[in-house]
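Work through the following exercises with the structure open beside you, and try each task before reading its solution.

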Amino acid sequence: MHLVTLGCARNDVDSEELAARMSDAGWSLTDSELADITVVNTCGFVDAAKKDSVDTLLAAADTTRGGKVVAVGCLAERYGGELAAALPEAVVLSFDDYPTIGDRLDDVLAGRTLVPHHPRDRRTLLPISPTSRPAAVADVGIPGHAGGPRVLRQRLDDRPVAPLKLASGCDRRCSFCAIPSFRGAFVSRPPAEVLGEAQWLAEHGVREIVLVSENSTSYGKDLGDVRLLEQLLPQLAAVDGIARVRLTYLQPAEMRPSLIEAITSSPGVVPYFDLSFQHASATVLRRMRRFGDPEQFLDLLARVRLNAPDAGIRSNVIVGFPGETDAEFAELEDFLVAARLDVIGVFGYSDEDGTTAATLDDKVDVDVVADREAHLGRVVERLMSERALERVGSTVEVMFDKRGDAEGRANHQAPEVDGTTLVPGVDVVPGTVLRAKVIDAVGADLIAALV
């Protein structure tokens, strides 16, 4: 069986759970594209990701030479029978099939007919009250929440950094986002389960844990303690063998002083803030069903930097949201200039099936969206370069992910998304952390010399 993973770090965790379940059922993983079955863990977030998933499924069907192709993941869950009808080359499975994935692959290999699921709003599968959900979780298929006496996970690479799922789902109702409808309501994993998996990862060579979810700032609200994350972070950092704990997917509206303090003062927890601003104009944010404005966001950044002046801060923004005026777009640009973020992702708005934003009037012309995306892209490239140059002369701790690779990552650089730090002449064991002085910057990347 060949397993292909697309999309975000949450999908990486889900694939490692699937790999463990398949191995328990007697299936063997192979890197060969000529496997009896190719399982593609798809992404279904935006149009580009959906197209990539479909292209990957079609390519797998072309290269398997008679092997079967199975679609799992977000695109499969979101579209179910519709995807199966459009892609007869693939068998489409749901999140509900994950616990019995070995049996389902047996069915596929034997040629038995599997009826694709009819998509449903997975938020309706759990109680509305968050504190009532833990008792009901066992009856709902939630990837990454297997629980049980042992960690149900099989590492698919040997890198010293790995994602660890804090929670799944989201209770927010952002008008542009469809994720809650197919990922479900927000569910935290119990602290003991998270700690147990962290220990397991450390035993398998992991030195940096990246905590992922749809909304990490909500962790614990369904377990009766909204400040549970502040307690968990130092406990994770204390796990033997773990050198770094990195928290991602933070909602600005849910940031609180105690969480800022925990991130910036807990030994082993890197001062890193992955803040989902999405825009800065208050009027656009309200249409997005989000909160905040430039003053509030800049105040939040000031509080972070008061605790940790060198904190790493990244965000994503959407341009061309329905009704966005030139003045609102300019307000976003002015905010980004003032914010001094390390990394900024810029995305042009497009309608998403089943979202409120798709029904809004006053759509921005696609050419205007493209122009704004291109313009702001150029602006943020300059801003990120300027921010990186501000770090010249500072001392950073660099972790190296690969043997023989002089590129590592400083505390403010998450894997694959935030640039790297080049330390010429270094050849160390993966997972090694060294102190270096920044001597130059190229774009968002740093160049440093060992201290």
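**Exercise 1: Two cavities**

Task: find the residues that line the second largest cavity of this predicted model, and sort them by class.

Solution: The wall of the second largest cavity is formed by Asp342, Val343, Met384, Arg387, Ala388, Arg391, His412, Asp418 and Ala444. Sorting these residues by class gives four nonpolar, one polar and four charged. The next step is to look for the element that gives the most to this lining, and that is helix H13 (residues 366–390), with three residues. The space enclosed here is about 50 Å³.

To place this cavity among the others, note that a search of the whole structure finds three cavities of 30 Å³ or more. The largest of them has a volume of about 80 Å³, and its lining includes Phe95, Arg122, Leu126 and Arg183. By class, the lining of the largest cavity holds seven nonpolar, three polar and two charged residues.

**Exercise 2: A pair of helices**

Task: decide how helices H8 and H9 are oriented to each other, and name the residues through which they touch.

Solution: Begin with the axes of helix H8 (residues 228–237) and helix H9 (residues 257–265), which come within 9 Å and cross at roughly 5°. Angles under 35 degrees count as roughly parallel, and therefore H8 and H9 are roughly parallel to each other. The contact is made on the side of H8 by Leu229, Glu230 and Leu233, and on the side of H9 by Ser258, Leu259, Ala262 and Ile263. Of the residues in this contact, five are nonpolar, one is polar and one is charged.

**Exercise 3: An open sheet and a barrel**

Task: describe the strand order and the pairing in the open sheet that contains E5, E8 and E9, and then do likewise for the barrel that contains E13.

Solution: The open sheet has three strands in the order E5-E8-E9, and their pairing is parallel. At its edges lie strand E5 (161–165) and strand E9 (244–247), each of which pairs on one side only. Ignoring direction, neighbouring strands of this sheet are turned by 25° against each other on average. Strand E8 (residues 208–212) pairs with E9 over four bridges in the parallel sense, and Glu208 stands opposite Arg244 in E9. Helix H7 (residues 191–203) packs on the sheet, where it touches E5 and E8, and its direction makes about 165° with that of E5.

Turning to the barrel, five strands close in the order E13-E14-E15-E17-E16, with mixed pairing. Strand E13 (residues 395–400) and strand E16 (residues 433–442) run antiparallel and are joined by five bridges, with Val396 standing opposite Ala436 in E16.

How values were computed: Residues are numbered from 1 along each chain as its sequence is written. This is a predicted model: local features need pLDDT of at least 70, side-chain atom pairs count only at pLDDT 80 or more; totals for chains, interfaces and linings use all residues. Side-chain values use heavy atoms; hydrogens and water are left out. Axes are lines fitted to C-alpha atoms, for helices over the stretch in contact, and angles run from 0 to 180 degrees between N-to-C directions. Helices (H or I, at least four residues) and strands (E, at least two) are DSSP runs, numbered from the N terminus. Angles under 35 degrees count as roughly parallel, over 145 as roughly antiparallel, 65 to 115 as roughly perpendicular and the rest as oblique. Contact means heavy atoms within 4.5 Å. Ala, Val, Leu, Ile, Met, Phe, Trp, Tyr, Cys and Pro count as nonpolar, Asp, Glu, Lys and Arg as charged, and the others, Gly among them, as polar. Two strands pair if DSSP finds at least two bridges between them. On a 1 Å grid over the protein atoms alone, a cavity is a set of points where a 1.4 Å probe fits but cannot get out, and a pocket is an open set with protein on both sides within 12 Å along at least five of seven lines; lining residues have an atom within 4 Å of a point. Grid points are joined across faces, edges and corners, and a volume is the space filled by probe spheres set on the points.
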